[in-house]
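Got your viewer open? Load the model below and keep the selection box handy.

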Amino acid sequence: MDMERKLDLYVEEMKMHMEESEFFVQPELIINPIILEIKKIDQQLSEEYGRPIVEYIKWRIKTPESIVKKLYRKQRKPTFDCAIKTINDLVGIRIVCSFQDDVYKMTKRIRKISGLKIKKVKDYIAHPKSSGYRSIHIIVELPYNEEQKIGLEIQIRSAAMNYWATLDHQLSYKHKVVDPKETEKIREELKSYALDIAEIDKKFLKLRKKIDKL
């Protein structure tokens, strides 16, 4: 059996387990209360600073295909149990803020949400990934069953960096790559643009602070 067929079978098995899991059938029962808390923080900060802080909030559940591919890429067994135990972003919430300092404001308040089980915080703004990616990730543990937790990743980034990340994600998950050399060329171009966007983020933040003082 070729590898592609094996992965297809793992995807079907993953889908079956997810459809049998109450969490994956009705994830909003756990996610919506967290979203509500995040929206409350946004409202509080917006009133405090007299301007919008968050541009939008959205969430998603990883698809069976995405889960299997991630496990395979990380050389882990592509099973449902392994996914629950090892993947930190089976559930994802993305918060896009207007400015870079707003990202830190949101991060600080989210870390104080009562009852939120935070596993770790990754600051890719202070320490960007090699690709140039800049964002803050808050890894949260959600209750799954009596013995297990499930991973939720809250991504918080500026609007400018979100624009970059959209293209990076599109390139990373391109299903058919005709020319790997062209892909690498685009990736290097994206990396250089990440530096440009980081500078633009800083310049707009500096300009906004000047306007705040008027």
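Here is a tour that starts with the whole chain and then goes stop by stop.

**Before you click**

This is a predicted model, in which local features need pLDDT of at least 70 and side-chain atom pairs count only at pLDDT 80 or more, while totals for chains, interfaces and linings use all residues. Residues are numbered from 1 along each chain as its sequence is written, and side-chain values use heavy atoms, with hydrogens and water left out.

**Stop 1: the whole protein**

Show everything as a cartoon. You should find 8 helices and 5 strands; helices (H or I, at least four residues) and strands (E, at least two) are DSSP runs, numbered from the N terminus. Walking from the N terminus, the order is α-α-α-β-α-α-β-α-β-β-β-α-α. The C-alpha trace spans about 70 × 45 × 20 Å along its principal axes.

Now switch on the surface. The protein exposes about 13400 Å², and carbon and sulfur atoms supply 52% of that; accessible areas come from the Shrake-Rupley method with a 1.4 Å probe, and for residues only the protein chains shown count as cover. Of the 214 residues, 41% are buried. Buried means under 20% relative accessible area, exposed over 50%, and partly exposed in between (1.4 Å probe, protein chains only).

**Stop 2: helix α4**

Select residues 64-73, which make up helix α4. Which of its residues are buried? They are Pro64, Ser66, Ile67, Val68, Lys70 and Leu71. Add α1 (3-20) and α5 (80-86) to the view, since the cover over these buried residues includes both. Just after α4, look for Gln75, which takes a positive phi of about 60°.

Stay with Lys70 and bring in Asp89. The two form a salt bridge, with their closest N and O atoms 2.8 Å apart; a salt bridge is a side-chain nitrogen of Lys or Arg within 4 Å of a carboxyl oxygen of Asp or Glu. This pair links distant parts of the chain: Lys70 sits in helix α4 and Asp89 in the loop between α5 and β2 (91-97), 19 residues apart. Buried or exposed, these two? Both Lys70 and Asp89 are buried.

**Stop 3: Ile139**

Next, select Ile139 in strand β4. Ile139 is buried, with a relative accessible area of 0%. What does Ile139 touch, leaving out residues up to four places away in sequence? The list is Asn88, Lys117, Ile118, Lys119, Lys120, Leu152 and Glu153, where contact means heavy atoms within 4.5 Å.

**Stop 4: helix α6**

Jump to Gln100, in helix α6 (residues 100-110). Gln100 is buried at 16% relative accessible area. Beyond neighbours within four places in sequence, Gln100 is in contact with Ile125, Ser158 and Asp201.

A little further along, pick Asp102 and Lys105, which form a salt bridge with the closest N and O atoms 3.7 Å apart. They are separated by about one helical turn because they are 3 residues apart in helix α6. Asp102 is buried with a relative accessible area of 0%, and Lys105 is buried at 16%.

**Stop 5: a network of charges**

Widen the selection to Arg51, Asp101, Asp102, Lys105, Arg208 and Asp212, which are linked in a network of salt bridges. Zoom in on Asp212 and Arg208, whose side chains meet at 3.2 Å, N to O. This pair lies 4 residues apart in helix α8, so about one helical turn separates them. Asp212 counts as partly exposed at 45% relative accessibility, whereas Arg208 counts as buried at 10%. In total, the protein has 12 salt bridges.

**Stop 6: two surface patches**

Turn the surface back on and select Ile200, Phe204, Leu207, Ile211 and Leu214. They form a nonpolar patch with about 550 Å² of accessible area together. Patches are made of residues with over 30% relative accessible area and no salt bridge: like charges are joined within 9 Å, nonpolar side chains (Val, Leu, Ile, Met, Phe, Trp, Tyr) within 5 Å. Leu214 lies in the segment after α8 (180-212) and counts as exposed, at 86% relative accessibility.

Finish with Arg73, Lys74, Arg76 and Lys129, which form a positive patch. Lys and Arg count as positive and Asp and Glu as negative, with His and the chain ends not counted; the place of a charge is taken as NZ of Lys, CZ of Arg, CG of Asp or CD of Glu. Lys129 is in the loop between β3 (118-123) and β4 (136-143) and is partly exposed, with a relative accessible area of 39%.
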